[in-house]
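Please open the structure in your viewer and keep the sequence panel beside it, since each stop on this tour begins with a selection.

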Amino acid sequence: MGRDFYLHLLLACLSIAQWNSSALARNSTGSQVSSRSRHGMGIKGQVLHRSKRGWVWNQFFVIEEYTGPDPVLVGRLHTDLDSGGGKIRYILSGEGAGTIFVIDEKTGNIHATKTLDREERAQYTLMAQAVDRITNKPLEAPSQFIVKVQDINDNPPEFLNGPHHATVPEMSNVGTSVIQVTATDADDPSYGNSARLVYSILEGQPYFSVEPQTGIIRTALPNMDREAREEYLVVIQAKDMGGHMGGLSGTTKVTITLTDVNDNPPKFPQSVYQMSLSEAAKVGAVVGQLKAKDPDVGENGMVTYSIIDGDGKDLFEITTDSQTQEGIIKLKKLGLDYETKKSYSLKVEAANVFFDTRFVSRGPFKDTTTVKISVEDADEPPIFSQPVYFMKVNESAPAGTPVGQVHAMDHDLGRSPIRYSIEQQSYMDRSFIINAQSGVIKTTEPLDRELTAWQNISVIATEVNNHIHTSRAQVAIKIRDINDNAPELAEPYEADMCENANAGKLIQTIKGVDKDESANGPRFTFTMAPNQNFTLIQNSAGHTADIKVRRGAMNRRKQEVYLLPVVISDGGSPLLSSTGTLTVRVCSCRADGSVQSCNTEPLTLPAGLSTGALIAILTCIIILLVIVVLFVTLRHQKKEPLIVFEEEDVRENIISYDDEGGGEEDTEAFDIATLQNPDGLNGFLPRKDIKPELQYVPRQGFCAAPNSVDVDDFIKVRLQEADCDPTSPPYDSIQIYGYEGRGSVAGSLSSLESASTESDLNYDYLNSWGPRFKRLADLYGSKDVCDDS
């Protein structure tokens, strides 16, 4: 027998004892009250009825998780009306009645038949009633009572949100709160100590502790260093029954990580770093890397580097790689020369970017080191004495004239000889050559400044001992001007003047141009041979001259055009000149001085028409003649079409009868279009000049019996024969009259309606109609005639 069994038995005994004492008290009073209620009399003999509950009952308790062999006695119901003898029957209803709780109908004892769990349901509400066993009539009003499930410590504490993860900064003070863990107990917290929890630490000491009542975990040691140990595993226990012996417990795990603080300065692992760089290195070339170690992480471990001293401070620079936290030393500018200086020294400092004032007392968060850089000798390309050379040469100088000289030198210890050449890709004219050994540049042909005033060439210097090392220099050659171009008039001048112009009248201002520079060009000198009609006056600037009339009243009938030769000379050495001609036309002018005509008088045109009008008229006439010729040509080329058009489709149409019909009503008939050739309806018409490929097969003779002929069948046969016979245009067609009008004395001539009857028709009466109907009489006369034929 276990401990739980004895506990359940004890609680059951206490509950039964409590119930018995209450029941005895109520029995002693209840019967009296009940008796009075049954026999009480009112005033004036009236019977008074007072409703009074006669139950002996109490709030019942039942222990949860009872596992005994017999049902648990919950309690007993009794009424003061029950005098024994089994005349009263007790009835139980409500929650769990009949399944969980059963009642003895005679004694009123209530038993629990199933094991109850308070955590599933804490109480049940039931109704009790006493009825007469014979009549089933209620003796008392129903009474409600509650059965409470009494808790036992059957649920251990549980941590619902585990495992847990928490962080706390390194170097935190003792007692710093880390995290709070909470356990829950499903037992009744209002009954006993089943749900009273106490927390304790099972693992993680002596670094952490936990508050027994709250479950708050705190640091227990000072100066915990993340760099020494970063992660801790703490096991927390929660125990019920106030932590006393016999209580149930549960545990959870808490992983505590120390977060970093900036408590460590950066440190260089070396006091001196040795590096080297070639003297031929370009700007930005990497010399080397160095790194100061900082055990901190994140922003606490970020380091910045700087050069604070050294003879190479101006030549080198250092940058920080944000990813690797390395200091990268680079060449800042050119100036390395092995022959001049073979080594440099730098003092580099590494410092934290962020500082924590709590740890300033630990010292400065920076460190320094020395970097020695050795310059390595390199086979450098030759160097020109000047980056750009400027030279001059006269135009028209003979081939082989020296222009200038370039000079390059190899500064290496070997002092390799230099070979010079002109880069042909940058200079296509090939007007210059260079001496490969001396670097002297000469012309290969006379030059013309007026074509090109400047020549630019690129000279290459190559080491004889190492052809890979080359260098280039630009040479700009100015072509100096000489007076090799005579001045000339700016344009072929032509001027008009009135024949009645006065003396001194300005006719034309002429201007000179010279391709040479100003030193060999303007100022110009203009001269003109002596002329009795015109004079030349040179302007003071020396660039232009005016031609004026010497005397007036010229006669254009004597001379209409004057050619005036003008000599223009420059101021160069030697002096050059040329002759230009000014053309002056003498014109007739109006009274106001405006020019009217400068040419011979044109012939008078008839009818006052101008030449443009005559040309327009002739053009219109030619166009009309062309249109007429084209029209006549098209008319002659027109031929008879080869297709039989619809309007030429000849048919044997029966359109009218020469008989007395039914008047205008007789025109109602079928449309002849129904008998059209289907090919013609679709737009296809046979060619008249082409013989059909199909040979027509003669049709068998058709005999129409006078009394049995069917016009509809006759038409279908003829239509089929016509469709199968493409050799006989035009096509046969029949005009069918479905209605022949009303009022005709002769009656209907159509046999379409009569063909629908089964009886034979006699058409002999047609012979009596006269010669007009003889054809019909022969066709529909008698059967014998058709048979004989």
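## Two disulfides

In this predicted model, begin by selecting Cys498 and Cys589, which form a disulfide with their sulfur atoms 1.9 Å apart. The torsion about the S-S bond is -95°, and the link of Cys498 and Cys589 is left-handed. Colour the strands next, and you will find Cys498 in strand E34 (residues 494–498) and Cys589 in strand E40 (residues 577–589), so that this pair, 91 residues apart, links distant parts of the chain. Both ends can be checked for exposure: Cys498 counts as buried because its relative accessibility is 12%, and Cys589 is buried as well, with a relative accessible area of 17%.

The structure holds two disulfides, and the one still to be visited joins Cys587 to Cys598, with an S to S distance of 1.7 Å. Here the torsion about the S-S bond is about 105°, so the disulfide of Cys587 and Cys598 is right-handed. Cys587 lies in strand E40, whereas Cys598 lies in the loop between strand E41 (595–597) and helix H2 (611–637), so the pair ties together parts that are 11 residues apart in sequence. Cys587 and Cys598 are both buried. While helix H2 (611–637) is in view, select Cys620 too, which counts as partly exposed because its relative accessibility is 47%.

## A buried glutamate

Move now to Glu423, in the loop between strand E28 (418–422) and strand E29 (432–434). Is Glu423 buried or exposed? Its relative accessible area is 17%, which is under the 20% limit, so Glu423 counts as buried. Display the side chains of Glu423 and Arg472, and a polar contact of 3.4 Å can be drawn between them. Leaving aside residues up to four places away in sequence, Glu423 touches Ser458, Ile460 and Arg472.

## Aromatic pairs

A search of the whole structure finds 10 aromatic pairs. One of them is formed by Phe159 and Tyr199, a tilted pair with 6.2 Å from centre to centre and 55° between the planes. Phe159 is in the loop between strand E9 (143–150) and strand E10 (164–169), and Tyr199 is in strand E12 (residues 198–203), so that the pair links distant parts of the chain, 40 residues apart. Phe159 and Tyr199 are both buried.

Select Tyr207 and Tyr232 next: their ring centres are 4.9 Å apart and their planes are at 50°, so this pair is tilted. Tyr207 lies in the loop between E12 and strand E13 (208–210), and Tyr232 in strand E15 (residues 231–239), so the pair ties together parts that are 25 residues apart in sequence. Tyr207 is partly exposed, with a relative accessible area of 28%, whereas Tyr232, at 6% relative accessibility, counts as buried. Add Phe208 to the selection, and you have one aromatic cluster of Tyr207, Phe208 and Tyr232.

## Lysines over rings

For the last close-up, select Lys341 and Tyr344, where the lysine lies over the face of the ring at 5.1 Å from its centre. Then select Lys342 and Tyr338, where Lys342 lies over the ring face at 4.7 Å from the ring centre.

## Zooming out

Finally, show the whole protein chain, which has six helices and 41 strands. Buried residues make up 34% of its 789 residues. The chain exposes about 48100 Å², of which carbon and sulfur atoms supply 53%.

Note on methods: Residues numbered from 1 in each chain as written. Predicted model: local features only at pLDDT ≥ 70, side-chain atom pairs only at ≥ 80, totals over all residues. Heavy atoms only, no water. Disulfide = S-S within 2.5 Å. Helix = DSSP H or I, 4+ residues; strand = E, 2+ residues; numbered from the N terminus. Buried < 20%, exposed > 50% of the residue type's maximum accessible area, 1.4 Å probe, protein only. Areas by Shrake-Rupley, 256 points an atom, 1.4 Å probe, with all protein chains shown as cover. Polar contact = N/O pair within 3.5 Å; in protein donor to acceptor, adjacent residues only side chain to side chain. Contact = heavy atoms within 4.5 Å. Phe/Tyr/Trp six-rings, centres within 6.5 Å; stacked < 30°, edge-to-face > 60°. Lys NZ or Arg CZ within 6 Å of the ring centre and 35° of its normal.
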